[in-house]
Amino acid sequence: MHEYPITQRIIEIAGEYAEKNHAEEVKVIHLVVGDTCGYVASSIELYFDIIAEGTPCEKAKLHIKRVTPELKCSACGKLFVRKPFTFECPFCKGEGRPTEIGQEFYIKSIEV
Amino acid sequence: MSENKEIEIMQSVYDKNDQVASQINASLTSKGIYAINVMGAPGAGKTTSLIQIIKRLTDVTSYVIEGDIEADFDTKTLQSLGVKAIQINTGGACHLDSPLIGEAVDELNISDGVLFIENIGNLVCPAEFMIGEHAKMLISTVTEGSDKPYKYPLAFEKADLILLNKCDLLPYIDFDEDFFMKGVRALNQTAPVIKVSGKTEEGYEKVVEWIVEKTRSLQK
């Protein structure tokens with residue numbers, strides 16, 4: 001449920017940039033959402049149309065790029081996607097450590 | 001039809017929250033307040049642990065901001081013990097954010113001490129939002145099970161101090177401490193893990209030592 005205020009913020013930021021660039025409407029918003037950032041991409045989509053009504057983003061298409069989280073092995077240094085209930089590296093059985101990959105949550109660009 | 005013009009933004013959607021959080025943090029630091037974001041699942045013993053900690057924090061003044069979706073039982077309990085505490089009710093929201101804390105901090109009007117901000121009982125969302133704290137204290141329990149670091153990694157990754165509560169129940173339940181610690185250490189190599197029991201009151205001296213040391217070094 002916390003996607004509602006954050007979707008408002010996305011529309012606000014996109015609108016601000018459109019205005020700065022003298023554009024009347026936003027046609028596409030490119031959003032990058034990591035799977036562990038805590039926001040569910042489909043919930044953002046659900047709220048988007050309702051919140052965007054009456055704003056420069058009203059007709060905008062929301063393009064969401066999802067990012068699968070990757071760990072980095074503390075032994076061999078390779079990046080890998082973890083399996084449930086383990087942080088073990090599939091290459092060398094070393095231990096994986098969290099990385100920023102999968103925690104992204106930002107507006108990459110807009111098209112006007 | 002004309003081609004679209006792409007404008008690069010690369011702006012975090014958290015920006016507003018994080019800006020306010022940085023301001024709160026700077027303001028608290030200048031007032032000699034060490035702020036701790038207290039996180040944990042519902043029923044993990046967040047308020048019980050706070051009472052145990054505050055009882056032992058004799059040389060440092062404690063303040064509490066209680067976050068709950070509804071009700072103010074915990075605030076009343078703390079106030080009845082003489083603690084300066086105020087309540088935030090989020091009315092449904094699953095975590096505290098920094099604008100809410102900014103208002104509460106202004107209302108409390110405090111200096112020199114430790115501010116505990118008890119977040120909403122939730123092992124997911126509170127870890128994602130900075131609220132102006134200096135440290136995150138996670139309260140996990142043996143009754144939740146030893147797989148929690150694997151299921152809720154972010155809370156364990158972000159924690160600066162981890163309390164493992166309800167340890168008096170260890171003889172009666174299947175809690176695999178090695179599996180738990182292996183998960184914690186994969187995510188977080190530095191946070192001390194302290195076994196405590198809100199029931200028997202064991203372990204809290206070590207927690208208090210950690211808090212006092214951090215508070216003193218902030219006030220230097």
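These questions and replies concern a predicted model and how its chains A and B meet.

Me: What makes B:Lys16 and A:Glu12 a salt bridge?
Reply: The closest N and O atoms of B:Lys16 and A:Glu12 are 3.2 Å apart. The rule asks for a side-chain nitrogen of Lys or Arg within 4 Å of a carboxyl oxygen of Asp or Glu, so the pair qualifies.

Me: How many salt bridges does the rule find across the interface of chain A and chain B?
Reply: It finds three across that interface. Over all chains the structure holds 16.

Me: What makes A:Glu12 and A:Arg9 a salt bridge, and where do the two residues lie?
Reply: Their closest N and O atoms are 2.5 Å apart. The limit is 4 Å, so this pair also counts as a salt bridge. Both residues lie in helix H1 of chain A, three residues apart, which is about one turn of the helix.

Me: How do you know which residues belong to the contact of chain A and chain B, and how many does each chain give?
Reply: A residue belongs if its heavy atoms come within 4.5 Å of the other chain, because that is the cut-off for contact. Chain A gives 34 residues and chain B gives 36.

Me: What is the buried area between chain A and chain B?
Reply: The two chains bury about 3,000 Å² between them, and 58% of this is on carbon and sulfur atoms. An interface's size is often stated as the accessible area lost when the parts come together.

Me: How many residue pairs are in polar contact between chain A and chain B?
Reply: The count is 16 pairs, with both residues at pLDDT 80 or more. On the side of chain A that touches chain B, the elements giving two or more residues are helix H1 (3-20), strand E1 (28-34), strand E5 (96-98) and strand E6 (105-111). E6(A) gives the most, with seven residues. The residues of that side divide into 17 nonpolar, nine polar and eight charged.

Me: What makes E6(A) and strand E1 of chain B a pair?
Reply: Five bridges join E6(A) to E1(B), residues 6-12. At least two are needed, so the strands pair. They run antiparallel, and A:Ser109 stands opposite B:Glu8 in E1(B).

Me: Why are E4 and E5 of chain A said to stand at the edges of their sheet?
Reply: The sheet is open, has three strands in the order E4-E3-E5 and pairs them antiparallel. Strand E4 (79-80) and E5 of chain A each have a single partner strand, so one side of each has no neighbour in the sheet. Strand E3 (residues 71-73) and E5(A) pair over three bridges, and A:Cys73 stands opposite A:Gly96.

Methods. Residues are numbered from 1 along each chain as its sequence is written. Chains are lettered from A and ligands numbered from 1 in the order in which they are written. This is a predicted model: local features need pLDDT of at least 70, side-chain atom pairs count only at pLDDT 80 or more; totals for chains, interfaces and linings use all residues. Side-chain values use heavy atoms; hydrogens and water are left out. Buried area is the accessible area (1.4 Å probe) that two parts lose on being put together, summed over both. A polar contact is a pair of N or O atoms within 3.5 Å; within protein, one must be able to donate a hydrogen and the other to accept it, and residues adjacent in sequence count only if both atoms are side-chain atoms. Helices (H or I, at least four residues) and strands (E, at least two) are DSSP runs, numbered from the N terminus. Ala, Val, Leu, Ile, Met, Phe, Trp, Tyr, Cys and Pro count as nonpolar, Asp, Glu, Lys and Arg as charged, and the others, Gly among them, as polar.
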